[in-house]
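The following report describes one predicted protein model, strand by strand and residue by residue. Please consult the sequence and the structure shown below while reading.

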Amino acid sequence: MRSVIHTATRFSAAFFSSQSSRKSTSLFSAASIHLRKMAHYLTELRGRPNATDYRVYLKTSDGKYISPFHDIPLYVADEQECGVPPKKFKTNEILFNMVVEVPRWSNAKMEIATKEPLNPIKQDVKKGKLRYVANIFPHKGYIWNYGALPQTWEDPSHTDKATMCCGDNDPIDVCEIGSKVCVTGQVIQVKVLGILALIDEGETDWKVIAINKEDPDASSLNSVEDVRKIKPGHLEATVDWFKKYKVPDGKPENQFAFNGQFKDKDFAIEVIKSTHSYWKALVMRKKMKSDEIVCQNSSLCESPFKCSDAEASTVVEAAAEYGEPLPVPSEATVALCKDCHSKPSQLPLKQ
Ligand SMILES: [Mg+2]
């Protein structure tokens, strides 16, 4: 077992923002009071990195296991008191929590396991094999810290008005373009700058562009245009990466809505708000169908899926003990690169 303290994140829980109805706010106010005590998140590693049993669980600084999908508030809103929004809550000041799944420059496709209790982060498996993204020239692995906004859900039963495609059944994705390399399971606070509408195998798969508020460039970056000026090439590289990343798997290039143009920050925040509302409906459902998203959580008092601390501990205790990382299979790189035009390169032995 190994625990890692992530000291950067401090928040007072505000499950529902200024955009929430009074009714929704009151439903969750008790949870807000409880979670305000937390100053840090920790990760607990289980299983072996680069193996199918590897899991990254999240817990609070006082040892309570939580779901990174459901228990971390979407909005940072430090000044929020018992669900009451601060007087100044302008678009420019909104900070979001982001759960980092994949560190920048790494290849293992790590993601929140939406269909497992407490939703740990695990490596995606396809056809029985762990997934690694190829290095598609000139990129190396994921070119940003990649992750998700908690308490959001792209509802597969909802057809997006802008893209005319339905959601991909996951939390909304984020590309964090700061210079710091984060770690899997780290929770950082980000400013949203824009959004890209990827159409992935017929599903809407929004990609939020954001910057870590701790990044030296964060104060200068407030829009897509700022990214274009201050970080030239980042937007173009992002489109190129998403267009091609499934080609090595034998799939066609991905498509984009809006002709691959980034939408601005205000548009992005509206999309995030809508995915937050779909998430609210998800966790308040009376019961789940089989083979669906697991909504077990530790803090949402009115959710039918809230569990006790003991129940949450039982979930983690049942997972495999932490073990030394396995080497990445060398054939993974070759197999991934055989159908694309990228230069095959060696994946790191340890992720
Ligand atoms: Mg997605």
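Glu201 counts as exposed because 12 C-beta neighbours lie inside 10 Å. In this scheme a residue is buried if 20 or more other C-beta atoms lie within 10 Å of its own, exposed if 12 or fewer, and partly exposed in between, with C-beta atoms placed from the backbone. Glu201 lies in the loop between strand 13 and strand 14 and has a positive phi of about 50° although it is not a glycine. Helices (H or I, at least four residues) and strands (E, at least two) are DSSP runs, numbered from the N terminus. The model is predicted: local features need pLDDT of at least 70, side-chain atom pairs count only at pLDDT 80 or more, and totals for chains, interfaces and linings use all residues. Residues are numbered from 1 along each chain as its sequence is written.

Two further backbone features deserve mention beside Glu201. Met164, in the loop between strand 10 and strand 11, has a positive phi of about 60° although it is not a glycine. Met164 is exposed, since 10 other C-beta atoms lie within 10 Å. The peptide bond from Phe137 to Pro138 is cis, with omega near 5°, and Pro138 belongs to the loop between strand 9 (129–130) and strand 10 (145–148). Most residues other than glycine have a negative phi, and most peptide bonds are trans.

The protein chain as a whole contains six helices and 16 strands. Of its 351 residues, 44% count as buried. Among contacts between residues at least 6 apart in sequence, 69% join residues at least 24 apart; two residues are in contact if their C-beta atoms, placed from the backbone, lie within 7 Å.

Strand 13 (residues 187–200) is mostly covered, with 11 of its 14 residues buried. Two strands pair if DSSP finds at least two bridges between them. The pairings of strand 13 are set out below.

| Partner of strand 13 | Sense | Bridges | Citation |
|---|---|---|---|
| Strand 5 (residues 96–102) | antiparallel | four | strand 5 with strand 13 |
| Strand 14 (residues 203–212) | antiparallel | 10 | strand 14 with strand 13 |
| Strand 15 (residues 255–256) | antiparallel | two | strand 15 with strand 13 |
| Strand 16 (residues 263–264) | antiparallel | two | strand 16 with strand 13 |

Individual residues can be located within these pairings. Val187 in strand 13 is the bridge partner of Val99. Val192 stands opposite Ala210 in strand 14, Gly194 stands opposite Asp264 in strand 16, and Ile199 stands opposite Gln255 in strand 15. Strand 13 and strand 14 form a hairpin with two residues between them, and Glu201 is in the turn.

The largest nonpolar core has 65 residues, and those with the most contacts inside it are Met98, Leu149, Val208, Ile209 and Ala210. Strand 13 supplies the largest share of this core, nine residues. A second, separate core of seven residues includes Trp279, Leu282, Val283 and Leu300. A nonpolar core is a set of buried Ala, Val, Leu, Ile, Met, Phe, Trp, Tyr and Cys residues joined through C-beta atoms within 7 Å. Leaving aside neighbours within four places in sequence, Ala210 is in contact with Met98, Val174, Glu176, Val190, Lys191, Val192 and Leu193.

Phe256 is found in strand 15. With 19 C-beta neighbours inside 10 Å, Phe256 is partly exposed. Beyond its neighbours within four places in sequence, Phe256 is in contact with Leu196, Ala197, Leu198 and Ile199. The C-alpha atoms of Phe256 and Thr204 are 9.0 Å apart, although these residues are 52 apart in sequence.

Helix 4 (residues 265–283) has 19 residues, which should span 27 Å at 1.5 Å a residue; its end C-alpha atoms are 27 Å apart, in agreement. The expected span of a helix is 1.5 Å times one less than its number of residues. The buried residues of helix 4 include Ala268, Val271, Ile272, Thr275 and Trp279. Phe267 is also placed in helix 4 but is partly exposed, with 16 C-beta neighbours inside 10 Å. Phe267 and Leu193 lie 74 residues apart along the chain, and their C-alpha atoms are separated by 9.7 Å.
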